[in-house]
Amino acid sequence: PSTTPPPPPPSAPLLNHMVGVVAPSPPERAFNATLTEVYLCGACGKIYRFPRSVALRHVIETRRGRCGEYSRLFFKTSEALGYVSRWVVDWEDHVWVEVGLPGKGWVHLDPCEAAVDEPLLYEGWGKKQTYILAFARDRSRPARGARFVVEDVTRRYTTDWEGALGRRKVSMEEMAGLLEGANGVLR
């Protein structure tokens, strides 16, 4: 008898498996890839590389990316259209954008999920938030010298604020000090 398991039924999805992360190759570095993810294709067994590029032109030309690439593109596009925007990073591995709208405040926009003002979306994914930080241009400085400011926005993205605080490695006071220090450097 064979010990090889039978192949999955045709209707079962063949998943890709991440092998790891490597340094970008010289051609990948040419379009500002910061790292390259390596995957094994579940359908054909081939290895393929997915360079994580910070070059917006590369994202536009290849039409390839994930939350990091698409949120950076959306952030820069919304700013170019004159919106006050900020890039939001969830330490649980996702990024999106918020746009400031008159009379509405900050509106959550996730270009990867086609989500508009659904800040609790990620809790539905089973994420256990700890740190969600928003990075925005410091509007108090002239445009040419504009730097960024960072703000903790975790509370907006969870119904379990106490749980998020309990999962953090630093106290509220330490976090406030870290943000103050980061903002001092960013300004």
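In this predicted model, Asp117 is partly exposed, with a relative accessible area of 40%. Its salt-bridge partner is Arg156, and the closest N and O atoms of the pair are 3.5 Å apart. The two residues link distant parts of the chain. Asp117 sits in the loop between E7 and E8, whereas Arg156 lies in the loop between strand E9 (148-152) and helix H4 (161-167). A stretch of 39 residues separates them in sequence. Arg156 is also partly exposed, at 29% relative accessible area. Both residues belong to a network of salt bridges that further includes Arg86, Glu98 and Glu151.

The count of salt bridges comes to eleven. Among them is the pair Arg66 and Glu37, with the closest N and O atoms 2.1 Å apart. Arg66 lies in the loop between helix H2 (56-62) and helix H3 (67-80), and Glu37 in strand E2 (residues 33-40), so this pair ties together parts that are 29 residues apart in sequence. The partners fall into separate accessibility classes: Arg66 is partly exposed, with a relative accessible area of 30%, while Glu37 is buried, at 8%.

A further salt bridge joins Arg168 to Asp152. Here the closest N and O atoms are 2.7 Å apart. This pair, too, links distant parts of the chain, 16 residues apart. Arg168 is located in the loop between H4 and helix H5 (172-186), and Asp152 in strand E9. Arg168 counts as buried, at 8% relative accessibility.

Lys127 presents another case. This residue lies in the loop between strand E7 (115-116) and strand E8 (132-137). Lys127 is buried yet has no salt bridge. The nearest side chain of opposite charge, that of Asp90, is 4.6 Å away. A salt bridge requires a separation within 4 Å, so the distance of 4.6 Å to Asp90 does not qualify. The side chain of Lys127 instead reaches the backbone oxygen of Glu92, at 2.7 Å. Beyond residues up to four places away in sequence, Lys127 touches Asp90, Glu92, Asp93, His94 and Tyr122.

The surface also carries a nonpolar patch of about 250 Å². Met18, Val21 and Leu35 make up this patch. Of these residues, Val21 is placed in strand E1 (residues 17-22).

Note on methods. Residues are numbered from 1 along each chain as its sequence is written. This is a predicted model: local features need pLDDT of at least 70, side-chain atom pairs count only at pLDDT 80 or more; totals for chains, interfaces and linings use all residues. Side-chain values use heavy atoms; hydrogens and water are left out. Helices (H or I, at least four residues) and strands (E, at least two) are DSSP runs, numbered from the N terminus. Buried means under 20% relative accessible area, exposed over 50%, partly exposed in between (1.4 Å probe, protein chains only). Lys and Arg count as positive and Asp and Glu as negative; His and the chain ends are not counted. A polar contact is a pair of N or O atoms within 3.5 Å; within protein, one must be able to donate a hydrogen and the other to accept it, and residues adjacent in sequence count only if both atoms are side-chain atoms. Contact means heavy atoms within 4.5 Å. Patches are made of residues with over 30% relative accessible area and no salt bridge: like charges are joined within 9 Å, nonpolar side chains (Val, Leu, Ile, Met, Phe, Trp, Tyr) within 5 Å. Accessible areas come from the Shrake-Rupley method with a 1.4 Å probe; for residues, only the protein chains shown count as cover.
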